[in-house]
Structure formats: C-alpha cells, structure tokens
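Colleague: I am new to this structure. Please take me through one part of it closely, the cysteines, and then place that part within its surroundings.

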Amino acid sequence: MRSEIRLSSHSRPRVADGFLLVLLIVLTALSPRFLPAGSAGEQLTVRTIDSVTEISLDADGRHPVTGPLGTAFLVVEKGRARLENAPCPLKICEAMGSIERPGQVIVCLPNRIVVKVSGLEEIDAVSR
C-alpha cells in the first residue's frame, strides 16, 4: 500500500501569521522613538591663518573672526552657529547657513576661515 502526501502550493494564512505581521508593522512604526537622536555638538573650533580658537556652542553672542580680507562675525544662538558680515565677495560662507551637529563645517576660502563643530560624531555608511 502506497500513501501519497499532497502538498498544496498555496497554504492559507494562519492567525499566527497575522499576529506576526501586525507586530512587525508596529515595531517598524515605533523604531525611530527608540533610536538615539542625533547628538548635538559641544564646541566650535575656529581656524584662521594666525590662530585656532575654541568657542562653546552654549556661549551665545557675536564673536569676531579676523582673516586676511577683514573681520567676519561668528553668531552663536541656541546651540547653532553661522557666519555673518563676511568680507569675501561672494558670501558663500554666509549662504551655508547654521551648523550644529558634530562634523559640520563652514568654510570661507577667500578669508581663510574654517569653523567646525566638535563633539561625538555619528557613524554612518556614507562617511565611514
């Protein structure tokens, strides 16, 4: 006597399959809440031809930064920094906007000013 086992190519979804699907959707939707937020920078490193200065991102105010073309102002407000009144002709450094996260940089090439946010940098697949 020979017995045959028939396997159907289409099995019906079970209750456990539905539960697993709902659980995966809920975990996916909630995952951003449990991931670490982007870390904020701690201080700014300002490099010119003559000096290297460190300024805390908590020190709100206008800080003069002097380069070969003249003086620009580093404006620090609410943990963000930007360059203002740069003496360079195209003012690209002003158009770069504010920086706040570690690794972000503002560069004024004609005036030879580099401002970088220091702190614990996040690692991602693009930068490493």
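**Cysteines and their surroundings**

Modeller: Cys-108 is buried, because its relative accessible area is 3% and buried means under 20%. The model is a predicted one. Cys-93 is likewise buried, at a relative accessible area of 2%.

Do these residues form disulfides? Put more usefully, how many disulfides does the count give? The count is 0. A disulfide is a covalent bond between the sulfur atoms of two cysteines. For Cys-93, the nearest cysteine sulfur belongs to Cys-108 and is 3.6 Å away. The rule asks for sulfur atoms within 2.5 Å, so Cys-93 is in no disulfide. Cys-108, in turn, has the sulfur of Cys-88 as its nearest cysteine sulfur, at 3.6 Å. The cut-off of 2.5 Å is not met there, and therefore Cys-108 is in no disulfide.

Now the frame in which these residues sit. The protein has 2 helices and 7 strands. Read from the N terminus, the elements come in the order α-β-β-β-β-β-α-β-β. Of the 128 residues, 21% are buried; Cys-93 and Cys-108 are among the buried ones. Helix α2 covers residues 92–95, and strand β6 covers 105–108.

The loop between α2 and β6 brings in a charged contact. Glu-100 and Arg-80 form a salt bridge through their side chains, with 2.9 Å from N to O. Glu-100 is in that loop and Arg-80 is in strand β5, so the salt bridge ties together parts 20 residues apart in sequence. Arg-80 is partly exposed, at 35% relative accessibility, and Glu-100 is partly exposed too, at 32%.

This pair is one of 4 salt bridges in the structure. Another joins Arg-62 and Glu-84, at 3.0 Å from N to O. Arg-62 lies in strand β3 (residues 61–67) and Glu-84 in strand β5 (residues 80–84), 22 residues apart, so that the bridge links distant parts of the chain. A further bridge joins Glu-77 and Arg-82, at 3.6 Å from N to O. Arg-62, Glu-77, Arg-82 and Glu-84 are linked in a salt-bridge network. Its members can be taken in turn: Arg-62 has 45% relative accessibility, Glu-77 has 43%, Arg-82 has 25% and Glu-84 has 21%. Partly exposed means between 20% and 50%, so Glu-84, at 21%, counts as partly exposed.

Arg-62 has a second contact. Its charged end sits over the ring of Phe-73, 4.3 Å from the centre of that ring. As for aromatic rings paired with one another, the count is 0.

One last feature concerns nonpolar side chains at the surface. Phe-19, Leu-20, Leu-23, Leu-24 and Leu-27 form a nonpolar patch there, with about 510 Å² of accessible area together. Leu-20 belongs to helix α1, which spans residues 15–34. At a relative accessible area of 46%, Leu-20 is partly exposed.

To return to the request: Cys-93 is buried, Cys-108 is buried, and the disulfide count is 0.

Notes. Residues numbered from 1 in each chain as written. Predicted model: local features only at pLDDT ≥ 70, side-chain atom pairs only at ≥ 80, totals over all residues. Heavy atoms only, no water. Patch = residues over 30% accessible without salt bridge, like charges linked within 9 Å, V, L, I, M, F, W, Y side chains within 5 Å. Areas by Shrake-Rupley, 256 points an atom, 1.4 Å probe, with all protein chains shown as cover. Helix = DSSP H or I, 4+ residues; strand = E, 2+ residues; numbered from the N terminus. Buried < 20%, exposed > 50% of the residue type's maximum accessible area, 1.4 Å probe, protein only. Phe/Tyr/Trp six-rings, centres within 6.5 Å; stacked < 30°, edge-to-face > 60°. Lys NZ or Arg CZ within 6 Å of the ring centre and 35° of its normal.
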